[in-house]
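Reader: Could you take me through one part of this model up close? I'd like to hear about the salt bridges and how covered their partners are.

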Amino acid sequence: MFRTYMLYILLVCVYGSAMSGQRGGSQSAPRKCDDFLPKLMIFEVDRVFWPFQVETDVVPPFGLRRYQPISNENSTKLWSGDFEGRELFDSKGRVLQVYSYASEAISTAWKKGTKIAVTATTTKIPTVKHLLRLFDLDEHITVMEIDDSSSLDHVKKIKGATGLQFKDIVYLGSNRVMLNEIKRTLKVLTVYISPKSGLNVMHIYYAIYFYNLRPYIARYKSHRQRQRMPGTLNTVKARPS
């Protein structure tokens with residue numbers, strides 16, 4: 001079912017514009033490719049990008065030492081960064097790594113035209129930003145909300161900063177309690193990320209899939225309605241699907 005629906009989205013994105021040219025007399029315009037994609041994805045950083053919580057587990061300053069391979073079941077899931085054969089560690093000697101596919105997942109969402117935002121509830125604001133930069137995870141980020149406020153407040157601030165609606169947003173995180181709170185209070189679609197494996201590309205496609213199953217889906221105004229409003233911006237009005 002999931003693969004079939006993703007194939008349907010791909011076909012619409014590739015052939016939608018061509019088909020619209022052949023349907024000049026139709027009453028309503030076909031859905032555009034970007035109507036299938038979230039306008040914004042918000043990611044928690046702790047236990048989503050990396051397998052620790054910065055506030056409680058990381059103590060700066062950082063240092064580099066020769067890479068020491070560790071043979072365990074999590075070694076293939078984690079990446080030590082591009083430090084020329086060295087590994088990053090904090091002042092307590094803890095090795096700092098990120099999930100192997102986190103960067104690829106962020107790039108995948110960005111390449112599809114989705115904006116990227118991140119949140120972190122912590123007092124160690126410079127530390128989080130430094131880690132994002134060290135592991136090259138900040139390249140495609142549009143908005144950062146990193147302070148001691150709750151994730152719920154962060155989503156509200158990001159909505160205001162981007163000018164989007166809650167229905168345009170997907171929130172990805174590892175805290176089930178907070179995910180449920182965001183979903184219940186703000187009606188934002190949420191996707192759970194297991195801290196055992198972290199973020200990967202499939203989570204992006206799951207987000208797109210569930211975004212298209214959400215209760216309210218954007219529809220385009222009819223051809224006649226647009227003709228009656230020349231020179232005005234055609235807005236997208238949500239209604240029950």
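Author: Arg 65 comes out as partly exposed in this predicted model, because its relative accessibility is 25%, which sits between the 20% and 50% cut-offs. Its side chain meets that of Glu 87 in a salt bridge, at 3.1 Å from N to O. Arg 65 belongs to strand β2 (residues 63–66) and Glu 87 to strand β4 (residues 86–89), so the pair ties together parts that are 22 residues apart in sequence. Glu 87, for its part, is buried, with just 2% relative accessibility.

That's one bridge; a search of the whole structure turns up four. Another brings together the side chains of Asp 147 and Lys 157, 3.5 Å from N to O. Here a strand and a helix are involved: Asp 147 is in β7 (residues 141–147) and Lys 157 is in α5, so this pair ties together parts 10 residues apart in sequence. Asp 147 counts as buried at 16% relative accessibility, while Lys 157 is partly exposed at 37%.

Staying with helix α5, which covers residues 151–162, you'll find Thr 162 there too. Thr 162 is buried, with a relative accessible area of 18%. Leaving aside residues up to four places away in sequence, Thr 162 touches Leu 40 and Val 143.

Then there's a bridge inside a helix: the side chains of Glu 181 and Arg 184 meet at 2.9 Å, N to O. Both sit in α6 (residues 176–186), three residues apart, or about one turn of the helix. Glu 181 is partly exposed at 28% relative accessibility, whereas Arg 184 counts as exposed at 53%.

Key
Residues numbered from 1 in each chain as written. Predicted model: local features only at pLDDT ≥ 70, side-chain atom pairs only at ≥ 80, totals over all residues. Heavy atoms only, no water. Helix = DSSP H or I, 4+ residues; strand = E, 2+ residues; numbered from the N terminus. Buried < 20%, exposed > 50% of the residue type's maximum accessible area, 1.4 Å probe, protein only. Contact = heavy atoms within 4.5 Å.
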